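Student: Could you pick one part of this model and take me through it closely? I would like to see how its pieces connect to what surrounds them.

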Amino acid sequence: MVAKAYVVACPSAKLDNAFPTNTPASQAYGGYGQNYVFLGYLTEEERVKTTRVTKPTETCMNGDGLDPAPGLNWWNYGYLYPPTLPPWGTPRVLPYVRHGKGANYSWVDGHVSMTSWKVMSRGLNGRVNWYYIATPYDPDP
C-alpha cells in the first residue's frame, strides 16, 4: 500500500473497483488528473516548464478527474482532457462534475478554485480549450 495515495485521494472519487488488481501504481490514482495534453506527460522531456505558460492564472494544471462511466478504461482516470478531446478510447467528451456542476482545479500560478464545467468547456477568447492551453498560440489537439 502506498501512503501517498491516501494523501492525494479525493474523498468524493468513486474509484473503488475501477482498476484491475494488476494495474501498475493503481494506488497513485486518487481521483485527480493532470493537464497532460498541454502541459506534458510522463518524461521530463515532454513536460512543459511553468515559465513557458503565458497565462498562469487561466491554465489548469491538475484537477478532479473523471469518475467511472461506461466506455472509460482505468487509464482515463489520471488525466484531464480538454473540451475538444474525448478521453483515450472513447467517442465523446465527458464533463467534470464530481462536485455538482463542476470540479476543483489547481492552476499554474498556484491558486485553486471550484470551476463549473460550463465555464471550463466554453473556454474564453474564442478558444474552447482556453483553460487548458499554455499560451494563446497553442494549437488544438
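Tutor: Happy to! Let us begin at Asn125, which counts as exposed because its relative accessibility of 57% is over the 50% cut-off. Keep in mind that the model is predicted. Asn125 sits in the segment that follows helix 3 (117-122). Its backbone deserves a glance too: although Asn125 is not a glycine, its phi is positive, at about 55°.

From there, let us turn to the strands. Strand 3 (102-107) is mostly covered, with five of its six residues buried. On one side, strand 3 is joined to strand 4 (residues 112-116) by five bridges, and the two run antiparallel. Ala103, for example, stands opposite Thr115 in strand 4. Strand 3 and strand 4 make a hairpin with four residues between them, and in the turn Gly110 has a positive phi of about 105°.

Strand 3 also pairs with strand 2 (60-64); here the sense is again antiparallel, over three bridges. Two facing positions show how this pairing is laid out: Asn62 is opposite Ser106 in strand 3, and Gly63 is opposite Tyr105 in strand 3. Strand 2 has another partner in strand 1 (32-34). Three bridges join strand 1 to strand 2, and they run antiparallel. In this pairing Tyr32 stands opposite Asp64 in strand 2.

Now for the rings. Across the whole structure, a search finds 12 aromatic pairs. One of them is made by Tyr41 and Tyr79: their ring centres are 5.7 Å apart and their planes lie at 35°, so the pair is tilted. What does this contact bring together? Tyr41 belongs to the loop between helix 2 (36-39) and strand 2, while Tyr79 belongs to the loop between strand 2 and strand 3, so the pair ties together parts that are 38 residues apart in sequence. Their exposure is worth setting side by side: Tyr41, at a relative accessible area of 27%, is partly exposed, whereas Tyr79, at 7%, is buried. Another tilted pair is formed by Tyr105 and Trp107, with 6.0 Å from centre to centre and 50° between the planes. Both Tyr105 and Trp107 are buried.

Tyr41 and Tyr79 also belong to one aromatic cluster, together with Tyr36, Tyr81 and Trp88. Elsewhere, an aromatic ring meets a charge: Lys55 lies over the face of Trp130, at 4.5 Å from the ring centre.

Next, the pocket. The largest pocket contains about 540 Å³ of space. Of the 21 residues in its lining, those closest to the pocket centre are Gln34, Leu42, Asn62, Gly78 and Tyr79. Strand 1 and strand 2 are the elements that give two or more residues to this lining. Strand 1 contributes the most, with three residues. By class, the lining has 13 nonpolar, seven polar and one charged residues. Two residues we have already met come back here: Asn62, the one that stands opposite Ser106, and Tyr79, the buried ring with a relative accessible area of 7%.

Besides that pocket, the structure holds one cavity of 30 Å³ or more. What lines the largest cavity? Its lining is made by Leu66, Tyr81, Pro82, Leu85, Pro87, Val93, Leu94 and Tyr96. By class, that lining counts eight nonpolar, no polar and no charged residues. The space inside the largest cavity comes to about 30 Å³. Tyr81 links this part to the rings, as it is a member of the aromatic cluster.

Leu66, from the cavity lining, leads to a final contact. The C-alpha atoms of Leu66 and Ala13 are separated by 8.4 Å, although their places lie 53 residues apart along the chain, counted as a sequence separation. Ala13 is located in the loop between helix 1 (3-7) and strand 1. Is Ala13 buried or exposed? Ala13 counts as buried, because its relative accessibility of 18% is under the 20% cut-off.

Technical notes. Residues numbered from 1 in each chain as written. Predicted model: local features only at pLDDT ≥ 70, side-chain atom pairs only at ≥ 80, totals over all residues. Heavy atoms only, no water. Phe/Tyr/Trp six-rings, centres within 6.5 Å; stacked < 30°, edge-to-face > 60°. Buried < 20%, exposed > 50% of the residue type's maximum accessible area, 1.4 Å probe, protein only. Lys NZ or Arg CZ within 6 Å of the ring centre and 35° of its normal. 1 Å grid on protein atoms, 1.4 Å probe; cavity = no way out; pocket = protein on both sides within 12 Å on 5 of 7 lines; lining within 4 Å. Points joined across faces, edges and corners; volume = space filled by probe spheres on them. Nonpolar A, V, L, I, M, F, W, Y, C, P; charged D, E, K, R; others polar. Pairing = 2+ DSSP bridges.
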